[in-house]
Amino acid sequence: MSMQIRKQFEEIVERFVELKNTSELMIDLAYSSLLLNNKELAEEVQRLEEYMDKLHTEFELLVLSSSFKKEEAKGFLGLIRLGVVTEKIADAAAEIAEVVLRGIEPHPVLKLTIEEAEETVTYANVAESSPLVNKTLRDARIPEETGMWVLAIRRGDKCIRPKPESKIQAGDVLIASGYAEGEEDLKKLASP
Amino acid sequence: MFLVLYSRGWSDLNSMPRLEKIEYKPIPVRELLLEMKNLSELMIDLAYSAALFNDKELAEDVLELENRVDTLAYLLEMEILIAARDVEDAEALTGVSGVASAADKISDAAADIAGIVMQNIGVHPIVSKVFEKVEERLMRTKVSEGSILVGKEIGELDLAARMGVDIIAIRRNKDWIIDPKETEQIKLSDILIARGAPSGVKEFKELAEGKLKKLED
(Lines give C-alpha, C1' and ligand atoms only; values in the text may rest on other atoms or scores of the structure.)
Protein backbone atom coordinates (compact mmCIF):
# COMPACT_ATOMS: atom_id res chain seq x y z
CA MET A 1 0.00 0.00 0.00
CA SER A 2 1.39 3.36 -0.99
CA MET A 3 2.28 5.97 1.58
CA GLN A 4 -0.33 8.30 0.18
CA ILE A 5 -3.18 5.84 0.58
CA ARG A 6 -1.98 4.96 4.03
CA LYS A 7 -2.10 8.61 4.99
CA GLN A 8 -5.61 8.86 3.65
CA PHE A 9 -6.65 5.90 5.73
CA GLU A 10 -5.14 7.43 8.81
CA GLU A 11 -6.93 10.70 8.29
CA ILE A 12 -10.28 8.98 7.85
CA VAL A 13 -9.81 6.92 10.99
CA GLU A 14 -8.78 9.96 13.00
CA ARG A 15 -11.92 11.76 11.88
CA PHE A 16 -13.98 8.76 12.85
CA VAL A 17 -12.37 8.59 16.29
CA GLU A 18 -13.46 12.15 16.89
CA LEU A 19 -17.02 11.36 15.82
CA LYS A 20 -17.04 8.36 18.12
CA ASN A 21 -15.66 10.19 21.12
CA THR A 22 -17.96 13.16 20.67
CA SER A 23 -21.01 10.91 20.50
CA GLU A 24 -19.95 9.11 23.67
CA LEU A 25 -19.34 12.37 25.47
CA MET A 26 -22.78 13.58 24.42
CA ILE A 27 -24.53 10.62 26.05
CA ASP A 28 -22.57 11.21 29.21
CA LEU A 29 -23.32 14.94 29.32
CA ALA A 30 -26.97 14.50 28.34
CA TYR A 31 -27.64 12.12 31.21
CA SER A 32 -25.60 14.28 33.58
CA SER A 33 -27.63 17.34 32.61
CA LEU A 34 -30.76 15.38 33.44
CA LEU A 35 -29.52 13.98 36.74
CA LEU A 36 -28.21 17.36 37.86
CA ASN A 37 -31.08 19.26 36.20
CA ASN A 38 -28.47 21.57 34.69
CA LYS A 39 -29.34 23.65 31.65
CA GLU A 40 -25.78 24.72 30.87
CA LEU A 41 -24.76 21.10 30.36
CA ALA A 42 -27.84 20.53 28.24
CA GLU A 43 -26.82 23.50 26.09
CA GLU A 44 -23.35 22.02 25.75
CA VAL A 45 -24.98 18.87 24.37
CA GLN A 46 -26.99 20.88 21.85
CA ARG A 47 -23.85 22.71 20.78
CA LEU A 48 -22.04 19.41 20.36
CA GLU A 49 -24.88 18.11 18.25
CA GLU A 50 -24.29 20.87 15.72
CA TYR A 51 -20.57 20.18 15.86
CA MET A 52 -21.28 16.50 15.20
CA ASP A 53 -23.29 17.33 12.08
CA LYS A 54 -20.33 19.28 10.77
CA LEU A 55 -17.85 16.51 11.68
CA HIS A 56 -20.00 13.84 10.11
CA THR A 57 -20.32 15.73 6.83
CA GLU A 58 -16.56 16.26 6.72
CA PHE A 59 -15.99 12.58 7.47
CA GLU A 60 -18.32 11.44 4.69
CA LEU A 61 -16.79 13.86 2.19
CA LEU A 62 -13.33 12.63 3.09
CA VAL A 63 -14.32 9.01 2.53
CA LEU A 64 -16.08 9.83 -0.74
CA SER A 65 -13.18 11.83 -2.09
CA SER A 66 -10.67 9.08 -1.41
CA SER A 67 -9.86 6.97 -4.42
CA PHE A 68 -10.08 3.47 -3.07
CA LYS A 69 -9.65 0.32 -5.06
CA LYS A 70 -12.61 -2.03 -5.03
CA GLU A 71 -11.24 -4.26 -2.24
CA GLU A 72 -10.34 -1.30 -0.09
CA ALA A 73 -13.74 0.30 -0.53
CA LYS A 74 -15.41 -2.76 0.99
CA GLY A 75 -13.35 -2.30 4.12
CA PHE A 76 -14.67 1.21 4.49
CA LEU A 77 -18.35 0.40 4.16
CA GLY A 78 -18.38 -0.61 7.82
CA LEU A 79 -16.84 2.70 8.79
CA ILE A 80 -19.39 4.70 6.79
CA ARG A 81 -22.20 2.81 8.49
CA LEU A 82 -20.61 3.44 11.88
CA GLY A 83 -20.58 7.13 11.04
CA VAL A 84 -24.32 7.05 10.43
CA VAL A 85 -24.86 5.38 13.80
CA THR A 86 -22.79 7.98 15.66
CA GLU A 87 -25.11 10.59 14.23
CA LYS A 88 -28.13 8.67 15.58
CA ILE A 89 -26.54 8.52 19.01
CA ALA A 90 -25.88 12.24 18.94
CA ASP A 91 -29.52 12.93 18.00
CA ALA A 92 -30.78 10.80 20.87
CA ALA A 93 -28.47 12.57 23.33
CA ALA A 94 -29.76 15.91 22.06
CA GLU A 95 -33.33 14.72 22.72
CA ILE A 96 -32.45 14.05 26.35
CA ALA A 97 -30.87 17.49 26.62
CA GLU A 98 -34.01 19.00 25.12
CA VAL A 99 -36.06 17.60 28.01
CA VAL A 100 -33.81 19.50 30.42
CA LEU A 101 -33.94 22.71 28.37
CA ARG A 102 -37.73 22.64 28.35
CA GLY A 103 -37.60 22.64 32.12
CA ILE A 104 -38.28 19.81 34.50
CA GLU A 105 -41.40 20.32 36.57
CA PRO A 106 -41.24 19.60 40.29
CA HIS A 107 -43.34 16.47 40.06
CA PRO A 108 -42.68 14.04 42.93
CA VAL A 109 -41.52 11.30 40.57
CA LEU A 110 -39.15 13.67 38.82
CA LYS A 111 -37.89 15.09 42.05
CA LEU A 112 -36.21 11.79 42.58
CA THR A 113 -34.12 12.45 39.53
CA ILE A 114 -32.65 15.60 40.95
CA GLU A 115 -29.79 15.39 43.37
CA GLU A 116 -30.93 15.80 46.93
CA ALA A 117 -27.62 17.29 47.97
CA GLU A 118 -26.45 20.52 46.41
CA GLU A 119 -24.40 19.22 43.56
CA THR A 120 -23.30 21.80 41.05
CA VAL A 121 -21.65 21.99 37.69
CA THR A 122 -18.70 24.30 37.35
CA TYR A 123 -16.40 25.57 34.59
CA ALA A 124 -12.72 26.09 35.40
CA ASN A 125 -10.21 27.70 33.03
CA VAL A 126 -6.77 26.15 33.11
CA ALA A 127 -4.09 28.85 33.33
CA GLU A 128 -0.48 28.53 32.13
CA SER A 129 0.63 28.63 35.75
CA SER A 130 -1.61 25.79 36.88
CA PRO A 131 0.05 22.65 38.26
CA LEU A 132 -2.48 20.72 36.14
CA VAL A 133 -0.87 21.73 32.83
CA ASN A 134 0.66 18.76 30.97
CA LYS A 135 -0.59 16.31 33.57
CA THR A 136 -2.83 13.39 32.66
CA LEU A 137 -6.14 13.22 34.46
CA ARG A 138 -4.90 10.13 36.25
CA ASP A 139 -1.92 12.02 37.66
CA ALA A 140 -3.85 15.22 38.33
CA ARG A 141 -6.01 13.48 40.96
CA ILE A 142 -8.71 16.11 40.72
CA PRO A 143 -11.45 14.14 42.50
CA GLU A 144 -9.10 13.40 45.41
CA GLU A 145 -7.89 17.01 45.66
CA THR A 146 -11.17 18.86 45.14
CA GLY A 147 -14.07 16.42 45.29
CA MET A 148 -15.02 17.53 41.77
CA TRP A 149 -15.47 15.08 38.92
CA VAL A 150 -14.42 16.18 35.42
CA LEU A 151 -17.30 15.58 32.99
CA ALA A 152 -15.68 17.06 29.89
CA ILE A 153 -12.73 19.12 28.74
CA ARG A 154 -13.47 21.95 26.33
CA ARG A 155 -10.56 22.79 24.05
CA GLY A 156 -11.28 25.40 21.38
CA ASP A 157 -14.43 24.31 19.60
CA LYS A 158 -13.78 20.68 20.54
CA CYS A 159 -15.06 18.93 23.59
CA ILE A 160 -13.06 16.00 24.86
CA ARG A 161 -14.31 13.04 26.78
CA PRO A 162 -12.04 12.71 29.81
CA LYS A 163 -10.07 9.50 30.02
CA PRO A 164 -7.41 8.71 32.63
CA GLU A 165 -4.65 9.32 30.08
CA SER A 166 -6.11 12.59 28.69
CA LYS A 167 -3.55 15.36 29.07
CA ILE A 168 -4.63 18.73 30.41
CA GLN A 169 -3.42 21.78 28.47
CA ALA A 170 -3.26 25.46 29.30
CA GLY A 171 -6.37 27.16 27.94
CA ASP A 172 -8.59 24.10 28.51
CA VAL A 173 -11.90 24.58 30.24
CA LEU A 174 -12.68 21.80 32.70
CA ILE A 175 -16.38 21.11 33.07
CA ALA A 176 -16.85 19.38 36.40
CA SER A 177 -19.57 18.38 38.82
CA GLY A 178 -19.51 17.94 42.55
CA TYR A 179 -20.58 19.48 45.82
CA ALA A 180 -20.46 23.24 46.02
CA GLU A 181 -17.51 23.21 48.48
CA GLY A 182 -15.22 21.75 45.84
CA GLU A 183 -15.91 24.46 43.31
CA GLU A 184 -13.48 26.98 44.80
CA ASP A 185 -10.76 24.35 45.26
CA LEU A 186 -11.00 23.35 41.62
CA LYS A 187 -10.91 26.93 40.37
CA LYS A 188 -7.86 27.64 42.53
CA LEU A 189 -6.12 24.54 41.24
CA ALA A 190 -6.87 25.45 37.62
CA SER A 191 -6.03 29.15 37.87
CA PRO A 192 -3.79 29.75 40.88
CA MET B 1 -46.70 11.34 47.10
CA PHE B 2 -43.69 9.16 46.72
CA LEU B 3 -44.31 6.16 44.61
CA VAL B 4 -41.13 4.43 45.31
CA LEU B 5 -39.15 4.34 48.47
CA TYR B 6 -37.19 1.20 48.12
CA SER B 7 -35.76 -0.93 45.39
CA ARG B 8 -36.77 -4.45 46.18
CA GLY B 9 -36.19 -6.88 43.39
CA TRP B 10 -33.61 -4.77 41.64
CA SER B 11 -31.31 -7.70 41.07
CA ASP B 12 -34.20 -9.72 39.65
CA LEU B 13 -33.75 -7.62 36.54
CA ASN B 14 -30.61 -9.48 35.73
CA SER B 15 -32.31 -12.76 35.26
CA MET B 16 -35.04 -11.36 33.07
CA PRO B 17 -35.38 -13.48 29.94
CA ARG B 18 -35.59 -12.03 26.43
CA LEU B 19 -38.84 -10.59 25.11
CA GLU B 20 -40.99 -11.73 27.96
CA LYS B 21 -43.64 -9.67 29.60
CA ILE B 22 -41.91 -7.07 31.72
CA GLU B 23 -43.38 -6.88 35.15
CA TYR B 24 -43.55 -3.69 37.08
CA LYS B 25 -40.96 -3.36 39.81
CA PRO B 26 -40.78 -0.41 42.09
CA ILE B 27 -37.40 1.17 41.39
CA PRO B 28 -36.66 4.83 42.06
CA VAL B 29 -36.60 6.88 38.86
CA ARG B 30 -33.20 8.23 39.76
CA GLU B 31 -31.79 4.74 40.06
CA LEU B 32 -33.32 3.77 36.74
CA LEU B 33 -31.79 6.78 35.03
CA LEU B 34 -28.37 6.23 36.57
CA GLU B 35 -28.36 2.60 35.51
CA MET B 36 -29.50 3.58 32.03
CA LYS B 37 -26.72 6.14 31.78
CA ASN B 38 -24.04 3.68 32.84
CA LEU B 39 -25.30 0.87 30.65
CA SER B 40 -25.71 3.10 27.58
CA GLU B 41 -22.17 4.41 27.87
CA LEU B 42 -20.67 0.97 28.36
CA MET B 43 -22.75 -0.45 25.55
CA ILE B 44 -21.69 2.19 23.06
CA ASP B 45 -18.07 1.84 24.14
CA LEU B 46 -18.18 -1.92 23.68
CA ALA B 47 -20.02 -1.61 20.39
CA TYR B 48 -17.38 0.63 18.82
CA SER B 49 -14.60 -1.63 20.02
CA ALA B 50 -16.45 -4.66 18.68
CA ALA B 51 -16.78 -3.04 15.26
CA LEU B 52 -13.30 -1.59 15.00
CA PHE B 53 -11.58 -4.77 16.12
CA ASN B 54 -14.11 -7.10 14.54
CA ASP B 55 -14.78 -8.81 17.86
CA LYS B 56 -17.93 -10.93 17.82
CA GLU B 57 -17.84 -11.77 21.52
CA LEU B 58 -17.97 -8.09 22.39
CA ALA B 59 -20.80 -7.64 19.89
CA GLU B 60 -22.78 -10.33 21.69
CA ASP B 61 -22.28 -8.54 25.00
CA VAL B 62 -23.64 -5.40 23.36
CA LEU B 63 -26.79 -7.18 22.26
CA GLU B 64 -27.31 -8.45 25.77
CA LEU B 65 -26.85 -4.99 27.25
CA GLU B 66 -29.30 -3.60 24.71
CA ASN B 67 -31.90 -5.93 26.09
CA ARG B 68 -31.28 -4.61 29.59
CA VAL B 69 -31.50 -0.96 28.62
CA ASP B 70 -34.75 -1.66 26.80
CA THR B 71 -36.11 -3.29 29.97
CA LEU B 72 -35.14 -0.23 32.00
CA ALA B 73 -36.81 2.07 29.47
CA TYR B 74 -40.03 0.04 29.81
CA LEU B 75 -39.85 0.28 33.60
CA LEU B 76 -39.39 4.04 33.33
CA GLU B 77 -42.48 4.31 31.12
CA MET B 78 -44.42 2.29 33.70
CA GLU B 79 -43.39 4.64 36.50
CA ILE B 80 -44.69 7.51 34.40
CA LEU B 81 -48.01 5.84 33.64
CA ILE B 82 -48.59 5.09 37.28
CA ALA B 83 -47.71 8.60 38.42
CA ALA B 84 -49.93 10.49 35.98
CA ARG B 85 -53.30 11.26 37.53
CA ASP B 86 -54.29 14.50 35.89
CA VAL B 87 -53.38 17.02 33.22
CA GLU B 88 -50.65 18.64 35.28
CA ASP B 89 -49.00 15.32 35.98
CA ALA B 90 -49.15 14.42 32.33
CA GLU B 91 -47.52 17.71 31.35
CA ALA B 92 -44.75 17.22 33.86
CA LEU B 93 -44.10 13.64 32.90
CA THR B 94 -43.92 13.79 29.12
CA GLY B 95 -40.30 14.87 29.44
CA VAL B 96 -39.34 11.68 31.21
CA SER B 97 -41.14 9.75 28.56
CA GLY B 98 -38.90 11.48 26.03
CA VAL B 99 -35.88 10.28 27.96
CA ALA B 100 -37.13 6.71 27.84
CA SER B 101 -37.54 6.91 24.08
CA ALA B 102 -34.10 8.52 23.60
CA ALA B 103 -32.50 5.79 25.73
CA ASP B 104 -34.18 3.25 23.51
CA LYS B 105 -32.73 4.95 20.42
CA ILE B 106 -29.25 4.89 21.89
CA SER B 107 -29.44 1.20 22.65
CA ASP B 108 -30.81 0.54 19.15
CA ALA B 109 -27.84 2.43 17.74
CA ALA B 110 -25.44 0.26 19.72
CA ALA B 111 -27.23 -2.81 18.43
CA ASP B 112 -26.86 -1.45 14.88
CA ILE B 113 -23.12 -1.27 15.45
CA ALA B 114 -23.07 -4.81 16.79
CA GLY B 115 -25.04 -5.77 13.68
CA ILE B 116 -22.27 -4.43 11.46
CA VAL B 117 -19.93 -6.92 13.15
CA MET B 118 -22.38 -9.80 13.05
CA GLN B 119 -23.12 -9.32 9.34
CA ASN B 120 -19.42 -9.38 8.51
CA ILE B 121 -19.63 -6.04 6.72
CA GLY B 122 -16.24 -5.51 8.15
CA VAL B 123 -13.82 -2.76 8.74
CA HIS B 124 -10.57 -2.72 6.79
CA PRO B 125 -7.77 -4.29 8.87
CA ILE B 126 -5.73 -1.13 8.51
CA VAL B 127 -8.52 0.76 10.26
CA SER B 128 -8.02 -1.40 13.34
CA LYS B 129 -4.29 -0.80 13.12
CA VAL B 130 -4.56 2.96 12.89
CA PHE B 131 -7.26 3.01 15.51
CA GLU B 132 -5.06 1.11 17.92
CA LYS B 133 -2.43 3.82 17.57
CA VAL B 134 -4.72 6.71 18.46
CA GLU B 135 -7.09 5.08 20.89
CA GLU B 136 -6.90 2.60 23.68
CA ARG B 137 -8.71 -0.58 23.00
CA LEU B 138 -11.20 -2.46 25.07
CA MET B 139 -10.48 -6.04 25.83
CA ARG B 140 -12.62 -8.82 27.19
CA THR B 141 -11.15 -11.68 29.13
CA LYS B 142 -12.39 -14.46 31.35
CA VAL B 143 -10.74 -15.12 34.69
CA SER B 144 -9.51 -18.71 34.49
CA GLU B 145 -8.65 -21.19 37.17
CA GLY B 146 -5.12 -20.63 38.44
CA SER B 147 -5.17 -16.90 37.72
CA ILE B 148 -3.56 -14.84 40.47
CA LEU B 149 -6.39 -12.31 40.05
CA VAL B 150 -8.90 -14.62 41.75
CA GLY B 151 -9.87 -13.30 45.17
CA LYS B 152 -7.93 -10.04 44.76
CA GLU B 153 -9.50 -6.64 45.21
CA ILE B 154 -9.18 -4.34 42.22
CA GLY B 155 -7.52 -1.65 44.32
CA GLU B 156 -4.69 -3.88 45.53
CA LEU B 157 -3.78 -4.85 41.96
CA ASP B 158 -2.92 -1.24 41.16
CA LEU B 159 -3.34 -1.96 37.46
CA ALA B 160 -3.35 1.66 36.35
CA ALA B 161 0.11 2.33 37.75
CA ARG B 162 1.55 -1.09 36.86
CA MET B 163 0.41 -1.50 33.28
CA GLY B 164 -1.87 1.39 32.40
CA VAL B 165 -5.00 -0.75 32.43
CA ASP B 166 -8.41 0.07 33.89
CA ILE B 167 -11.16 -2.45 34.53
CA ILE B 168 -14.29 -0.70 33.33
CA ALA B 169 -16.81 -3.47 33.85
CA ILE B 170 -17.21 -6.96 35.22
CA ARG B 171 -19.74 -9.41 33.91
CA ARG B 172 -20.53 -11.96 36.60
CA ASN B 173 -23.00 -14.58 35.34
CA LYS B 174 -25.88 -12.38 34.25
CA ASP B 175 -24.88 -9.39 36.35
CA TRP B 176 -22.99 -6.39 35.07
CA ILE B 177 -20.89 -4.39 37.49
CA ILE B 178 -20.07 -1.13 35.79
CA ASP B 179 -17.13 0.98 36.90
CA PRO B 180 -16.33 -1.46 39.74
CA LYS B 181 -15.09 -0.08 43.03
CA GLU B 182 -11.53 -0.49 44.32
CA THR B 183 -12.86 -2.92 46.91
CA GLU B 184 -14.58 -5.18 44.39
CA GLN B 185 -13.15 -8.68 44.57
CA ILE B 186 -12.39 -10.52 41.35
CA LYS B 187 -13.94 -13.96 41.19
CA LEU B 188 -13.23 -17.07 39.17
CA SER B 189 -15.08 -17.03 35.79
CA ASP B 190 -15.67 -13.28 35.90
CA ILE B 191 -15.61 -11.68 32.47
CA LEU B 192 -13.51 -8.56 32.76
CA ILE B 193 -13.75 -5.65 30.35
CA ALA B 194 -10.62 -3.54 30.52
CA ARG B 195 -9.23 -0.54 28.71
CA GLY B 196 -5.61 0.34 28.19
CA ALA B 197 -2.56 0.50 25.97
CA PRO B 198 -2.05 -2.59 23.77
CA SER B 199 0.94 -3.93 25.73
CA GLY B 200 -0.75 -3.46 29.10
CA VAL B 201 -3.95 -5.04 27.90
CA LYS B 202 -2.01 -8.03 26.61
CA GLU B 203 -0.24 -8.49 29.94
CA PHE B 204 -3.51 -8.17 31.79
CA LYS B 205 -5.14 -10.83 29.60
CA GLU B 206 -2.29 -13.21 30.41
CA LEU B 207 -2.79 -12.57 34.11
CA ALA B 208 -6.50 -13.28 33.84
CA GLU B 209 -5.93 -16.45 31.85
CA GLY B 210 -3.39 -17.67 34.37
CA LYS B 211 -0.50 -17.66 31.87
CA LEU B 212 1.34 -14.98 33.75
CA LYS B 213 1.70 -15.67 37.45
CA LYS B 214 3.41 -12.61 38.75
CA LEU B 215 2.52 -8.95 39.01
CA GLU B 216 5.49 -6.91 37.92
CA ASP B 217 6.28 -3.64 39.53
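These are my notebook entries on what I looked up in this predicted model.

**Entry 1: chain A at a glance**

I started by counting elements, and chain A has seven helices and four strands. Reading along the sequence, I wrote the order down as α-α-α-α-β-α-α-β-β-β-α. I then checked how far the C-alpha trace of chain A stretches, and along its principal axes it spans about 60 × 45 × 20 Å. Of the 192 residues in chain A, 43% are buried. I also looked at contacts in chain A with a separation of 6 or more, and 80% of them join residues 24 or more positions apart.

**Entry 2: the two domains of chain B**

Next I moved to chain B, which is divided into domain 1 (18-118) and domain 2 (136-208). Their C-alpha centres lie 25 Å apart. How many residues does each domain put into the contact? I found nine residues from domain 1 of chain B and seven residues from domain 2 of chain B. On the domain 1 side, α1 (29-52) and α2 (56-83) of chain B each supply at least two residues. The largest share of that side is six residues, and α1(B) provides them.

**Entry 3: I44(B)**

Since α1(B) had come up, I picked a residue in that helix, I44(B). Is I44(B) buried or exposed? I noted it as buried, because 20 or more other C-beta atoms within 10 Å is the cut-off and I44(B) has 25. Then I listed what I44(B) touches, leaving out residues up to four places away in sequence: E24(A), I27(A), I89(A) and A110(B). So my list for I44(B) includes residues of chain A as well as one of chain B, which I read off the names. I also checked I44(B) against A100(B): they are 56 residues apart along the chain, and their C-alpha atoms are separated by 17 Å.

**Entry 4: helix α3(B) and its bend**

I went on to helix α3 of chain B, residues 87-118. Helix α3(B) has 32 residues and reaches 46 Å from its first C-alpha to its last, close to the 46 Å expected at 1.5 Å a residue. Where does α3(B) bend? I found a bend of about 35° at L93(B). I looked at L93(B) more carefully and noted it as buried, because it has 20 other C-beta atoms within 10 Å. For a long-range check I took M163(B), which is 70 residues from L93(B) in sequence and 47 Å away in space, C-alpha to C-alpha. Just after α3(B), I noticed that N120(B) takes a positive phi of about 60°.

**Entry 5: the sheet in chain B**

I reminded myself that strands of a sheet pair through backbone hydrogen bonds, either parallel or antiparallel. In chain B, four strands form an open sheet in the order β1-β4-β2-β3, with antiparallel pairing. Why do β1 (137-142) and β3 (175-178) of chain B stand at the edges? Each has a single partner strand, so one side of each is left without a neighbour in the sheet. From one strand to the next, the twist averages 25°.

I zoomed in on one pair: β2 (residues 165-172) and β3(B) pair in the antiparallel sense over four bridges. In that region, R172(B) stands opposite D175(B) of β3(B).

Last, I looked at what lies across the sheet. Helix α7 (residues 198-208) of chain B lies across β1, β2 and β4 (191-196) of chain B. Helix α7(B) runs at about 5° to β1(B).

Conventions: Residues numbered from 1 in each chain as written. Chains lettered and ligands numbered in written order. Predicted model: local features only at pLDDT ≥ 70, side-chain atom pairs only at ≥ 80, totals over all residues. Buried ≥ 20, exposed ≤ 12 C-beta atoms within 10 Å, placed from the backbone. Pairing = 2+ DSSP bridges. Axes fitted to C-alpha atoms, helices over the stretch in contact; angles between N-to-C directions. Contact = placed C-beta atoms within 7 Å. Expected span 1.5 Å × (residues − 1). Bend = angle between axes of the 7 residues up to and from the residue. Domains from an automatic or database assignment.
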